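Have a look at the protein below. This report goes through its domains, its sheet, a pair of helices and the ligand site.

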Amino acid sequence: MTAVYLDNNATTAIDPRVGNVMLAQFLDGPSNASSQHIYGRQARSSLDAATEAIGSYLGTRLDQPDGARLIITSGGTESNHQALTGLGDRGPIILSRIEHPSVVATAKWLEQEGRSLRWLDVDQDGLVQIDQLQPLISAEGCDAALVSIMAANNETGVIQPISKAAEICQAAGIPFHVDATQTVGKLPLNLQDSGISALTFTAHKFHGPAGVGALWLAPELRIEPVFHGGEQQLETRPGTEPVALVVGMAEALKLAVNEMNHSTEHCQMLRDRLERGLIDRHPDLVVQGKKHQRLPGTSSISFLKTDRQSMLMALDMIGIACSSGSACSSGSSPPSHVLTAMNRAAGEIESTLRFGVSKFSTIEEIDKSIDAISNAYNKLKKKTNVDN
Ligand SMILES: Cc1ncc(COP(=O)(O)O)c(C=O)c1O
């Protein structure tokens, strides 16, 4: 049975065009971009071309001495770790309560090492309260050293006020890191003059390969390395670069940017169809974050009087793949820290599932999903009532 894949915030299927480009690169021979022979020079040239192409799709030049640069990493988790541990000396960090676990857990680990944290709240629909930023920067008689806010939330899809935050950070002279893992390739981005100091992204969220991502750094921003022992990437992230993965990331980003208008329209149409179809049948459903601008393909829905894990398993059995939150918490599924920060009612937190469509999703899949989800909801809701 092929299941309908509605978990595109966790990861996306690789675009076959990206797969083909990567396969050609993988088969192109030994690829250590630091080697001084012909194979090394060829690898270096492919790597540099891919890196510069990535820069151009993000609106930033990466070929200038002392200019902006890209640190290639293994993905969003590593880029976030590098940003939090390597920027802003050892001063206080400001972050929102709805950041991805890779940011929250790193910040809490740094807190144990003596770094203080200051938290930005969100409203009931998941939008960061940006008016808290300025007072937090200068709180406790000690200026913050780093601000980290995600571009859009991975559970609700709510798009965050990044331009406003960048303006405030720039005026205060504080580095501003953005976890743009859910928006790169989905929303337009022009890093030039954006006021952003560092930006995280990862290829597998925009139909590229898993295992590769990057941390973009604004000109002249220095970062403490996490790894040591090699000269690659100006010694900030040593280790042999995965040339074929970077080439794949560049190709995936090119396609995502060039086809963004069409994908956005398509995903939004399908997401709205899914929400409308379900709400028509079950007016008691709660769509989280609906009051704000959201990512085009993301929907977070509370199926009141059910338990999200039972719903998730029931849907999996009938061929619908979705999620009960961020991928990292699926399985054990502790209550969502995002919905908790939004101060949602316990019944909503217990019963919320996330659906994410992509450019590969179809109307037929959505219509099938509406029927399947609706049936599962009727059954599980009824069961709860009987048990009670
Ligand atoms: C907002 C956000 N940040 C970071 C990550 C981690 O990315 P990766 O899986 O590439 O490590 C994710 C992945 O779910 C995410 O959604």
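How far apart do the C-alpha centres of domain 1 and domain 2 lie? They lie 28 Å apart. Keep in mind that this is a predicted model.

**Two domains**

Domain 1 covers residues 4-12 + 261-387, and domain 2 covers residues 16-258. The two domains touch. Domain 1 gives 22 residues to the contact, and domain 2 gives 24 residues. On the side of domain 1 that touches domain 2, strand 10 (298-302) supplies at least two residues, and so does helix 10 (337-341). By class, that side of domain 1 has six nonpolar, 13 polar and three charged residues.

**The sheet**

Strands of a sheet pair through backbone hydrogen bonds, either parallel or antiparallel. Here, seven strands form an open sheet with mixed pairing. Their order is 2-8-7-6-5-3-4. Why is one side of strand 2 and of strand 4 left without a neighbour in the sheet? Strand 2 (69-73) and strand 4 (117-120) stand at the edges and have a single partner strand each, so one side of each stays free of a neighbour in the sheet. From one strand to the next, the twist averages 20 degrees.

Now take one pair. Strand 7 (residues 198-202) and strand 8 (residues 213-217) pair in the antiparallel sense, over five bridges. Thr202 has Gly213 in strand 8 as its bridge partner.

**Two packed helices**

Two packed helices are described by the angle between their axes and the distance between the axes. Helix 3 (residues 76-86) packs against helix 4 (residues 101-112) at an angle of about 35 degrees. Their axes are 9 Å apart. The crossing of helix 3 and helix 4 is right-handed. On the helix 3 side, the contact residues are Gly76, Thr77, Asn80, His81, Leu84 and Thr85. On the helix 4 side, they are Ser102, Val103, Thr106, Ala107 and Leu110. This contact has four nonpolar, seven polar and no charged residues.

**Around the ligand**

Which residues come nearest to the ligand? Of the 15 residues around the ligand, they are Gly75, Gly76, Thr77, Asn154 and Thr202. Helix 3 provides three residues, the largest share of the shell. Gly76 and Thr77 also belong to the contact of helix 3 with helix 4. Thr202, in turn, is the bridge partner of Gly213.

The table sets out the residue classes of three groups.

| Group | Nonpolar | Polar | Charged |
|---|---|---|---|
| Shell around the ligand | two residues | 12 residues | one residue |
| Side of domain 1 that touches domain 2 | six residues | 13 residues | three residues |
| Contact of helix 3 with helix 4 | four residues | seven residues | no residues |

How values were computed. Residues numbered from 1 in each chain as written. Predicted model: local features only at pLDDT ≥ 70, side-chain atom pairs only at ≥ 80, totals over all residues. Near = placed C-beta within 6 Å. Helix = DSSP H or I, 4+ residues; strand = E, 2+ residues; numbered from the N terminus. Nonpolar A, V, L, I, M, F, W, Y, C, P; charged D, E, K, R; others polar. Domains from an automatic or database assignment. Contact = placed C-beta atoms within 7 Å. Pairing = 2+ DSSP bridges. Axes fitted to C-alpha atoms, helices over the stretch in contact; angles between N-to-C directions. Left-handed = near helix turned anticlockwise from the far one by under 90°.
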